[in-house]
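Got your viewer open and a hand on the mouse? Let's take a walk through this one, stop by stop.

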Amino acid sequence: MARAARQSARTSVWLEDKARRGGRGGGQPSGLDRDRITAATVRLLDAEGLAKFSMRRLAAELNVTAMSVYWYVDTKDDLLELALDAAFGELTLPDPEADEDWRVPLRALAREYRGLLVRHPWLSPLIGTYVNIGPNSLAFSRLVQQIIHRTGLPAHGLVAAISAVFQFVYGFGTIEGHFIARSAAFGMTPDDYFQHAMSTVTQSPEAADIVQESAQLMEARGGDTVEEMWERDFEFALDLLVAGIEAMVARSAS
C-alpha cells in the first residue's frame, strides 16, 4: 500500500531534485555518468522502441550491471523523462530576438517539432505521460508562447492557437513516425508498405467506396512518393492554420 502511494504521488524527476544528481556519493561505478546513461537510453529507444526498453537491457548496452545504473537514477520513469528532454535538446530553435514576421518562426518551429517526432517515434507516448518540464522542453514551450503572442490574437485565444498548431503537428508527426517504424519492422520502405497496405484494403468489399474516394483524393493531391505526399499535406495544413490565425486576428480587430 505504501509503495503504491509513493508511485501515485510521483510528479517529475525535474521537481524532485533528482535531475542534477551525478551519483549517490562515493562508490559509484567508474566510466558512467548521467549524460552517458541518458544518451544510451535515447539510442536504445531509437533502435528497439519503447515497448522493449528496460533497465536491464540498458545496462547490457552500457556493459554494466543494472544496479550500476541505479546509482544515477531512481526509476525507469526518471530515466525516460531525462531521455525525453534530451531529445527536445535536438531542436534548432529560432532566435526569439530576431526581427521577423511571426509566421517565419512559427513555421520553422512546427517543422522542427514534426521532424523530432518522426525521428523518435517513442517520444509521442512519453509526451502524453510525463509533465515534460525539463530545460529543453521548457525552452521550446517558452518560444512557442512568445511567437503566438506576436500574432496579435486576443489573450483569450492564445492557448487555443497553440493547441491548434502544435497538437496538429504532434498528431501528424506521431502518425508519420509510427508509419515509418511500422514499415521498417516489416523490412519495407514506406512506399512499398503503403502500396502493400492499399492493395490489401482494396480486397475488402466493405472498404471499396472509401478506397476509391481516397485514391481520387490522393491523385488530386499529387506526389510520387509517400514522403512527397506527407510534405504536401503538412505544408498545406500549416498554411490553413496560419490563415486561420490571420483571420481571427482580423476578426478581433474589426
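Below is a list of stops, each with something to select and something to look for.

**Stop 1: the whole chain**

Before zooming in, keep in mind that this is a predicted model. Show the chain as a cartoon and colour it by secondary structure: you should get 12 helices and zero strands. Walk along the sequence and the pattern reads α-α-α-α-α-α-α-α-α-α-α-α. The chain has 254 residues, and 35% of them count as buried. Now think about who touches whom. Among the contacts with a separation of 6 or more, 74% are between residues 24 or more positions apart.

**Stop 2: valine 13**

Go to the loop between α1 (2–8) and α2 (34–48) and pick valine 13. Is valine 13 buried or exposed? It is buried, because its relative accessible area is 1%, and the cut-off for buried is under 20%. Next, add aspartate 77 to the selection and draw a distance between the two C-alpha atoms. Valine 13 and aspartate 77 sit 64 residues apart along the chain, yet the distance you get should be 8.2 Å.

**Stop 3: α2 against α5**

Select α2 together with α5 (76–88). Their axes come within 9 Å and cross at roughly 80°, so α2 and α5 are roughly perpendicular to each other. To see what fills the crossing, show side chains. On the α2 side, pick Arg34, Ile37, Thr38, Thr41, Val42 and Leu45; they meet Leu79, Leu80, Leu82, Ala83 and Ala86 of α5. Sorted by class, this contact has eight nonpolar, two polar and one charged residue.

**Stop 4: α3 and its two faces**

Now select residues 55–62, which form helix α3, and highlight Met55, Leu58, Ala59 and Leu62: these are buried. Turn the view until you look straight down the axis of α3. The buried residues fall within an arc of 100°, so they line one face of the helix. What do they pack against? Show α2, α4 (66–69) and α5, and you have the partners of the buried residues of α3. Then spin to the face turned away from the buried side, where the exposed residues Arg56 and Ala60 sit.

While you are here, widen the selection to residues 54–73. UniProt, in an unreviewed entry, places the feature "DNA-binding region" there. In the model, that stretch is 60% helix and 0% strand, and its end C-alpha atoms are 13 Å apart.

**Stop 5: two asparagines with an unusual backbone**

Step just past α3 to asparagine 63, in the loop between α3 and α4. Why pause here? Most residues other than glycine have a negative phi. Asparagine 63 is not a glycine, but its phi is positive, at about 60°. Turn on the surface and look for this residue: with 70% relative accessibility, asparagine 63 counts as exposed.

Now jump to asparagine 132, in the loop between α7 (123–127) and α8 (135–149). Asparagine 132 is another non-glycine residue with a positive phi of about 60°. Is asparagine 132 buried or exposed? With a relative accessible area of 17%, asparagine 132 is buried.

**Stop 6: valine 104**

Select helix α6 (residues 103–119) and find valine 104 in it. Valine 104 is partly exposed, at a relative accessible area of 44%. Add isoleucine 147 and draw another C-alpha to C-alpha distance. The two are 43 residues apart in sequence and 9.6 Å apart in space.

**Stop 7: α9 beside α12**

For the last stop, select α9 (residues 158–185) and α12 (residues 226–253), whose axes come within 10 Å and cross at roughly 170°. That angle makes α9 roughly antiparallel to α12. From α9, the contact uses Ala164, Val165, Phe168, Val169, Phe172, Glu176, Phe179 and Ile180; from α12, it uses Val226, Trp230, Asp233, Phe234, Ala237, Leu238, Leu241 and Ile245. Colour these by class and you get 14 nonpolar, no polar and two charged residues.

Finish on glutamate 176, in helix α9. At 7% relative accessibility, glutamate 176 counts as buried. Which residues does it contact, leaving aside neighbours within four places in sequence? Show Arg114, Val118 and Trp230, and you have the contacts of glutamate 176.

Methods:
Residues are numbered from 1 along each chain as its sequence is written. Side-chain values use heavy atoms; hydrogens and water are left out. Helices (H or I, at least four residues) and strands (E, at least two) are DSSP runs, numbered from the N terminus. Buried means under 20% relative accessible area, exposed over 50%, partly exposed in between (1.4 Å probe, protein chains only). Axes are lines fitted to C-alpha atoms, for helices over the stretch in contact, and angles run from 0 to 180 degrees between N-to-C directions. Angles under 35 degrees count as roughly parallel, over 145 as roughly antiparallel, 65 to 115 as roughly perpendicular and the rest as oblique. Contact means heavy atoms within 4.5 Å. Ala, Val, Leu, Ile, Met, Phe, Trp, Tyr, Cys and Pro count as nonpolar, Asp, Glu, Lys and Arg as charged, and the others, Gly among them, as polar. UniProt positions are given in the numbering used here, feature names are shortened, and annotations may be inferred rather than shown by experiment. The arc is that of the directions from the helix axis to the C-beta atoms.
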